[in-house]
Amino acid sequence: MQNKEVSHKKAAILGLQHLLAMYSGAVAVPLLIGTALRFNSEQMTYLVSIDIFMCGLATVLQLFRNRYFGIGLPVVLGCAIQAVEPLKMIGKQFTIGTMYGAIIVAGIFVFLIGGQFSKIKKLFPPVVTGTLITVIGLTLIPIAIQNIGGGDATASNFGDLKNIAMGFLTVIIILIIQIWGRGFISSIAVLIGLIVGSVVAACFGMVSLSAVSEASWFHFPQPFYFGMPHFEWSSCVTMIIISLVSMVESTGVYFALGNILEKKITAQDLKLGYRAEGLAVILGGIFNTFPYTTFSQNVGLLELSGIKTKRPIYWSACLLMILGLLPKVGALATIIPTPVLGGAMLVMFSMISVQGIRMLIRVDFKDERNILIVAVSLGLGLGVSVYPTIFQALPTTAQLFLGNGIVVASIASVLLNVCFKGKEGLDKEQDKQEDERTMVVETK
């Protein structure tokens, strides 16, 4: 892992790699919601381009640590995918203004409770955080496999041999460069895999430039582009619940970053991180985009590249903002074939799971309680991810919360740990974790 700061030239290339890794996830939310609400082409163009711009701005808010907000870790923010279905429901049942009003209220809520929510740190010892990070990676892997197959599992050509070949070619390229590459080349293995995979796919007619030709040259953010916000209580409560889901997910990501960087994540770190996300969500509502949260896939890329400084992420944020203002240039990133992107995702998401497993290695599995915490939490998290409709008999609000495998795994691991070990056990776990961190620092 490299502690030394990289040059701006190398940081720009690494930033582009981070951008490409998260781009499809970032544009998926506006595309899904815009299509469901029957936005016209002009509205869709605005939605996608300004969403990308706001991803960059939200990332800067998180990177730029100050006394009020910003965790100051190398993390990228993007649209919260779990917000798609609730926002579609609000937009269809009420109005677009109601949808954005609910987003603004949720952002204010996150900002205000950031300090209180950060005090739950002791509820996340290694047995909990290791389980949570493992579940995050494992629940994302099916998305990568689906993309390798073509993206749409219901399509007639899903699993086409051409798709599978491009996906696994990308995986092989990344592995070859990661193992036999030297220095900086090794750290941009994913970027090279995406480029080479796309070039080969283009030879088989799998790359279309229509998105580039149809995009406009310039767009600028406009507050309340779709009209003034409206505030309806049930919609606001729904989005607050979704924000709590995102906060739980972000907690796991923050601890994963702390583990990679060998940095102790304090309650103050968590508070500043939550507040930055709250500000990003508020801005999303004002500029008519969507809620923003920490992106897990970029954590896997951080581990894979071995570069843990913030400079590449600053470059990624700047590039996102530039692409958001220049839709035609930004559309270039959308021509990467879905199977190629899926191959890169497979490697990155698997790395997140391995990071969680590495944390679990430090757990005392001679204690049967720890075995039960990990086993039951993993089982529930993965089970709900495969069949999120298992809770369809519950009220809609409960479904929004419990239909997310990562959240279910978080709740299960925290509750089981508290039930099995009690307050005294939690305090001992925290003291042990702090002692381990101190030993790591002293040995360096």
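Contact here means heavy atoms within 4.5 Å. With that in hand, welcome to a short tour of a predicted model, in which local features need pLDDT of at least 70 and side-chain atom pairs count only at pLDDT 80 or more, while totals for chains, interfaces and linings use all residues. Residues are numbered from 1 along each chain as its sequence is written, and side-chain values use heavy atoms, with hydrogens and water left out.

**Figure 1. The whole chain, with its 18 helices and 2 strands.** Helices (H or I, at least four residues) and strands (E, at least two) are DSSP runs, numbered from the N terminus. Of the contacts in the chain with a separation of 6 or more, 84% are between residues 24 or more positions apart. The chain has 444 residues, and 55% of them are buried; buried means under 20% relative accessible area, exposed over 50%, and partly exposed in between (1.4 Å probe, protein chains only). The accessible surface comes to about 18,800 Å², and carbon and sulfur atoms hold 67% of it. These areas come from the Shrake-Rupley method with a 1.4 Å probe, and for residues only the protein chains shown count as cover.

**Figure 2. A salt-bridge network made of Arg-65, Lys-263 and Asp-269.** A salt bridge is a side-chain nitrogen of Lys or Arg within 4 Å of a carboxyl oxygen of Asp or Glu, and the structure holds 3 of them. Asp-269 pairs with Arg-65 at 2.8 Å, N to O. Asp-269 belongs to helix α11 (residues 267-286) and Arg-65 to the loop between α2 (41-63) and β1 (77-79), so this bridge ties together parts that are 204 residues apart in sequence. The side chain of Asp-269 also meets that of Lys-263, at 3.2 Å, N to O. Asp-269 is buried, at 3% relative accessible area, while Arg-65 is partly exposed at 37% and Lys-263 is partly exposed at 29%.

**Figure 3. The salt bridge between Arg-369 and Asp-367.** Here the N to O distance is 2.8 Å. What is the relative accessibility of Arg-369? Arg-369 comes out at 36%, which counts as partly exposed, and Asp-367 is buried at 19%.

**Figure 4. Gly-284 and its surroundings in helix α11.** Gly-284 is buried, with a relative accessible area of 0%. Leaving aside neighbours within four places in sequence, Gly-284 is in contact with Met-54, Tyr-100, Ile-103, Thr-289, Phe-290 and Tyr-292. The C-alpha atoms of Gly-284 and Cys-55 are separated by 9.2 Å, although these residues are 229 residues apart along the chain.

**Figure 5. Cys-79 and Cys-55, cysteines without a bond between their sulfurs.** A disulfide is a pair of cysteine sulfur atoms within 2.5 Å, and a search of the whole structure finds 0. The closest cysteine sulfur to that of Cys-79 is in Cys-55, 4.8 Å away, which is too far for a bond. Cys-79 is buried, at 2% relative accessibility, whereas Cys-203 is exposed, at 65%.

**Figure 6. Helix α10, mostly covered along residues 233-261.** From the first C-alpha to the last, α10 reaches 41 Å over 29 residues, close to the 42 Å expected at 1.5 Å a residue; the expected span is 1.5 Å times one less than the number of residues. Of those 29 residues, 25 are buried. Just after α10 comes Glu-262, with a positive phi of about 55 degrees.

**Figure 7. Helix α13, residues 311-325.** This helix of 15 residues spans 22 Å between its first and last C-alpha, close to the expected 21 Å. Which residues of α13 are buried? They are Pro-312, Ile-313, Ser-316, Ala-317, Leu-320, Leu-323, Gly-324 and Leu-325.

**Figure 8. Thr-139 in helix α5 (residues 126-149).** Thr-139 is buried, at 14% relative accessibility. Beyond its neighbours within four places in sequence, Thr-139 is in contact with Gly-381, Leu-382, Ser-385 and Ile-406.

**Figure 9. A nonpolar surface patch of about 540 Å².** Its members are Ile-172, Leu-175, Ile-176, Ile-179 and Trp-180. Patches are made of residues with over 30% relative accessible area and no salt bridge, with like charges joined within 9 Å and nonpolar side chains (Val, Leu, Ile, Met, Phe, Trp, Tyr) within 5 Å. Trp-180 lies in helix α6 (residues 161-180) and is exposed, at 61% relative accessibility.
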